[in-house]
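Grab a pencil and open the viewer. Each exercise below sets a task, and a worked solution follows it.

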Amino acid sequence: MKKYLLPLAAAFTFMAAGCSGGNGADKEAGSGEATLTVAATPVPHAEILKEIKPLLAREGVNLEIRVFTDYVQPNMQVAQKQLDVNFFQTEPYLDAFNRERGTSLVKVVGVHIEPFGAYSRKYTSIDQLPDGADVVIPNDPSNNSRALLLLAKHGLITLKNPGDRLATLKDIATNPKNLKFRELEAAMLPRVLGEVDLALINTNYALAAKLNPVKDALLIEDKDSPYVNFLVSRQDNKDDPRVQKLAKALTSPEVKAFIEKNYGGAVLPAF
């Protein structure tokens with residue numbers, strides 16, 4: 001079984017003062033606003049949440065955004081009721097996490113797609129990739145297979161089951177270029193880009209590293225990617241009015257316009 005990412009940089013950074021926990025009952029003193037805590041990775045998730053914070057304030061919801069640099073703690077803290085919801089992950093990642101961690105987190109609403117890409121500092125075309133190239137891919141199950149599926153789609157490898165969204169390195173059927181694979185934490189991949197031949201990088205980490213997926217990726221998923229990023233909650237608070245207000249705001253015309261204006265095709269609305 002692959003290991004999930006370990007928390008980085010002291011797990012998270014507060015972007016808003018206070019700590020309401022995950023019970024949803026607290027109100028800001030004197031404001032009449034109900035607090036909702038949401039975990040997110042920095043780009044684009046926290047940026048989108050910051051954009052809609054005023055919208056939610058008008059709806060009586062004080063949105064507290066907690067920024068994480070890993071993919072494990074946002075889920076664990078929601079499952080443990082330390083936080084209310086999170087916004088950072090795709091359905092395949094959530095399914096794998098629930099299965100391996102024994103959690104039962106649920107999707108609330110799909111918000112956007114971040115086309116996954118392959119990057120290189122050494123080559124400007126995938127055709128230049130040499131035999132025996134050093135290739136790094138994420139080590140968490142869903143993004144690991146996502147990388148392999150992208151490589152397979154472009155003929156660099158073949159898989160025993162081309163439709164398996166949880167394929168692993170053991171499922172590679174042919175590897176004509178004899179690519180040498182290494183698995184690293186997803187957050188580490190931009191940092192080693194200059195040391196390898198090819199790195200398969202999640203768009204949120206690519207954007208944070210000032211990579212432009214549309215211009216810089218040698219391979220990239222198309223607009224039909226099934227990897228939608230979801231707002232996620234527990235079953236017991238999915239229908240909470242505060243959560244539903246957040247879901248509505250995340251799929252509003254304002255968010256669609258913000259995504260289209262700010263990310264130049266690197267992030268696509270899924271609604």
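Here are five exercises, going from the whole chain down to single residues.

This is a predicted model, so to speak of local features takes pLDDT of at least 70 and side-chain atom pairs count only at pLDDT 80 or more, while totals for chains, interfaces and linings use all residues. Residues are numbered from 1 along each chain as its sequence is written, and side-chain values use heavy atoms, with hydrogens and water left out.

**Exercise 1. The whole chain**

Work out how many helices and strands the protein chain has, and what percentage of its residues count as buried.

Step 1: Go through the secondary structure. The chain has eight helices and 14 strands. Both are DSSP runs numbered from the N terminus: H or I over at least four residues for helices, E over at least two for strands.

Step 2: Turn to burial. Of the 271 residues, 55% count as buried. Buried means under 20% relative accessible area, exposed means over 50%, and partly exposed is in between (1.4 Å probe, protein chains only).

Step 3: Check how contacts span the sequence. A contact means heavy atoms within 4.5 Å. Among contacts between residues at least 6 apart in sequence, 76% join residues at least 24 apart.

**Exercise 2. Two helices that cross**

Describe how α1 and α7 cross, and find which residues meet there.

Step 1: Start with the general recipe. Two packed helices are described by the angle between their axes and the distance between the axes.

Step 2: Apply it. The axes of α1 (residues 42–58) and α7 (residues 241–250) come within 10 Å and cross at roughly 120 degrees. Here axes are lines fitted to C-alpha atoms, for helices over the stretch in contact, with angles from 0 to 180 degrees between N-to-C directions.

Step 3: List who meets whom. From α1 come I48, L49, I52 and L56; from α7 come K245, L246, A249 and L250. By class, that contact has seven nonpolar, no polar and one charged residues. (Ala, Val, Leu, Ile, Met, Phe, Trp, Tyr, Cys and Pro count as nonpolar, Asp, Glu, Lys and Arg as charged, and the others, Gly among them, as polar.)

Step 4: Look at K245 in α7. Because its relative accessibility is 31%, K245 counts as partly exposed. Leaving out residues up to four places away in sequence, K245 touches L56, E59 and V61. Its C-alpha atom is separated by 9.5 Å from that of L55, although the two are 190 residues apart along the chain.

**Exercise 3. The nonpolar cores**

Find which residues of the largest nonpolar core touch the most other members.

Step 1: Fix the term. A nonpolar core is a set of buried Ala, Val, Leu, Ile, Met, Phe, Trp, Tyr and Cys residues joined through side-chain atoms within 4.5 Å.

Step 2: Pick out the hubs. The largest core has 31 residues, and L49, L231, L246 and L250 touch the most other members. The biggest giver is α1, with six residues.

Step 3: Zoom in on L49. Setting aside neighbours within four places in sequence, L49 is in contact with V38, A40, L63, I65, F87, L246 and L250. There is also a second, separate core of 25 residues, which includes V135, L200, L218 and Y227.

**Exercise 4. Two buried residues, I201 and T203**

Determine where I201 and T203 sit and what they touch.

Step 1: I201 lies in strand β11 (residues 198–201). With 0% relative accessibility, I201 therefore counts as buried. Beyond four places in sequence, the contacts of I201 include F116, Y119 and L189.

Step 2: T203 is in helix α5 (residues 203–208). T203 has 1% relative accessibility, so T203 counts as buried. Its contacts outside four places in sequence are E114, P115, F116, P213 and A266.

Step 3: A polar atom of the T203 side chain lies 2.4 Å from the backbone oxygen of P115.

**Exercise 5. Backbone oddities**

Which peptide bond is cis, and what is phi for K81 and N178?

Step 1: The bond from V43 to P44 is cis, with omega near 0 degrees. P44 is in helix α1.

Step 2: K81, in the loop between α2 and β4, has a positive phi near 65 degrees. K81 counts as partly exposed because its relative accessibility is 46%.

Step 3: N178 sits in the loop between β9 (172–174) and β10 (180–184). Its phi is positive too, near 50 degrees.

Notes: Polar contact = N/O pair within 3.5 Å; in protein donor to acceptor, adjacent residues only side chain to side chain.
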